[in-house]
Amino acid sequence: MSLHWLVPALCLIFGSKAQAWDQHAIPTFLALSEMEFFKKAPLIPAEPFDSFLQIESARIEKTLTDEEEWAREFLREFPPLPTNLKFKSSSLPTSPASLRTAFLKAIRIQPQSKLGLYLQRTPGRAFEKYPTLRPSEVSLISEHQDLNLWVAIQPKQPVSPLDILVTAVDEPDLGIDIGLWEDNPGVGTEYGFGKQPFGNPSLSYSGQAPFHMGFFHENPLIYALASFTQRTYPEMRVHQWTSLARFAFENGHPYWGWRFLGWALHYIQDLTQPYHSTLLPGVSLAQTLGINFLYEIGIRYPKQQMIQLITNEHLAFEHYHLELLSRLMKKKTVDPLIRSLQDPQEDSTDLHAHPLFLREIVAKSSYDLARQTHLTLSQALPARWVKDPNYVYGKTDPHLNILAEIAMHPELDQSSLHELLNLLMKDFGKYTRSFLTPFLTLSRENHAKTATHKIIHDEFQ
């Protein structure tokens, strides 16, 4: 017996877009904007990626070697970096384009990643003075091509650490983790990750899902019957970007220090969402095995119904959260949800002391809230979304105004929905700030290097 039906099931639940909190930029800005550090932090000159890499290529080899050793020691199911992709200072290419490709392959992200200089718009904040970028200049994802979120900045242009973070925190959803499996088109055959463990390998966006989820706390029987669920790598990404951020700060590249930190935050924040830390939220082991038995004897509709209802819950929850936060931010309203995001009482100064904090602390917290999340959504959302498997969220009503729709149902328990969001956003804000705390000190200590550091960028303008 196996749970092989979960492979296509997970593809449906997480769709072609494996997002946890849609547009991380909004809650990240709210979680950090009231901190004294970010209110007073000096502006930082924007630095092109190729400039950073040209300056530091000879010194960054040790950081990447240390990353590989850490991952081999601490991560289960870790696929070693193929020897021919190692970034060796003794044999680096000389052209900027070739150097960039060699580095991006050594860190195993999509080598076509844009990595340009830009800022992301957030509601209620003016960016009119900046030229608007086409989505194709920022994102590799076809679903993003109708968005109008990004504006260009120039090399050496002063920008705030907060704006760098708020922009970078959504960047892992713009394509850096797509096309990396051997059954994906492109470079996946080179990277050593093997075949895509779940999702549809023919859909470009679905390939990023195993990098943005972590099913670390399921019943051991689930792992025995569905071993592919253990092949997820958000821990690798968080540690990788954290180490590169530290390297950047210590060597006088604060722009890339903050940008790498934003990338790391994305995966941490993803794991604060129960749908990214829990295989089937609200579905017990007995239910899963029962559905599997029926599936094996040819009765497929219980599985199909369960998956569709979980998918509807997931998408409706993300949609509601994004629209509510966007409205509050536009109106500059002080709401309990925003107060939860900004509440520092449970912030920690020693999150990094645990080598597996993403698994044992962040993911465990959201996993423990998975059943409550399911029960709340089943009571607080319109019945046709969460109880009718014939309803397909996002397609049955493609132009749905979710805030207006829910307001039309006073019989629903909206207070419990808001209490749930407050709990989850409290964790979102707490782990965001706790992760950044050591780097606030590091940033101050290395500020002097920034003032005298020469950014080599002329040929990249």
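Helices here are DSSP runs of at least four residues, numbered from the N terminus. The model is predicted.

**Exercise 1. Place Pro172 and decide: is Pro172 buried or exposed?**

Step 1. Find the element. Pro172 sits in the loop between α7 (161–168) and α8 (188–191).

Step 2. Apply the cut-off. Buried means under 20% relative accessible area. Pro172 has 0% relative accessibility, so Pro172 counts as buried.

Step 3. List the contacts, leaving aside neighbours within four places in sequence. Pro172 is in contact with Asp177, Gln208, His212, Trp263, His266 and Tyr267.

Step 4. Compare sequence with space. Pro172 and Ile109 are 63 residues apart in sequence. Their C-alpha atoms are 9.8 Å apart.

**Exercise 2. Describe Lys430. Which side chains make polar contacts with the side chain of Lys430?**

Step 1. Find the element. Lys430 belongs to helix α21.

Step 2. Check the accessibility. The value for Lys430 is 12%, and therefore this residue counts as buried.

Step 3. Look for polar partners. The side chain of Glu346 makes a polar contact with that of Lys430, at 3.3 Å. The side chain of Asp427 makes another, at 3.2 Å.

Step 4. Add the contacts beyond four places in sequence. Here Lys430 touches Glu346 and Asp347.

**Exercise 3. Explore the largest nonpolar core. Which helix gives the largest share of this core?**

Step 1. Start with the members. The core has 128 residues. Phe103, Trp241, Trp258, Phe260, Trp385 and Phe435 touch the most other members.

Step 2. Name the helix. Helix α21 (residues 414–445) gives the largest share, twelve residues.

Step 3. Look for another core. One of seven residues lies apart from the largest core. Its members include Leu133, Val138, Leu149 and Trp150.

Step 4. Zoom in on Trp258. Not counting residues up to four places away in sequence, Trp258 touches several residues, among them Phe37, Phe38, Pro161, Phe249 and Phe439.

**Exercise 4. State how many residues of helix α2 are buried.**

Step 1. Take the range. Helix α2 covers residues 25–32.

Step 2. Read off the count. Eight of its eight residues are buried. They run from Ala25, Ile26, Pro27 and Thr28 to Phe29, Leu30, Ala31 and Leu32.

**Exercise 5. Characterise the largest cavity. How many nonpolar residues line it?**

Step 1. Count the cavities. The structure holds three of 30 Å³ or more.

Step 2. Give the volume. The largest cavity holds about 70 Å³ of space.

Step 3. Inspect the lining. Among its residues are Ser113, Lys114, Tyr118, Glu171 and Ile176.

Step 4. Sort the lining. Six residues are nonpolar, three polar and two charged.

How values were computed
Residues numbered from 1 in each chain as written. Predicted model: local features only at pLDDT ≥ 70, side-chain atom pairs only at ≥ 80, totals over all residues. Heavy atoms only, no water. 1 Å grid on protein atoms, 1.4 Å probe; cavity = no way out; pocket = protein on both sides within 12 Å on 5 of 7 lines; lining within 4 Å. Points joined across faces, edges and corners; volume = space filled by probe spheres on them. Nonpolar A, V, L, I, M, F, W, Y, C, P; charged D, E, K, R; others polar. Core = buried A, V, L, I, M, F, W, Y, C linked by side-chain atoms within 4.5 Å. Buried < 20%, exposed > 50% of the residue type's maximum accessible area, 1.4 Å probe, protein only. Helix = DSSP H or I, 4+ residues; strand = E, 2+ residues; numbered from the N terminus. Contact = heavy atoms within 4.5 Å. Polar contact = N/O pair within 3.5 Å; in protein donor to acceptor, adjacent residues only side chain to side chain.
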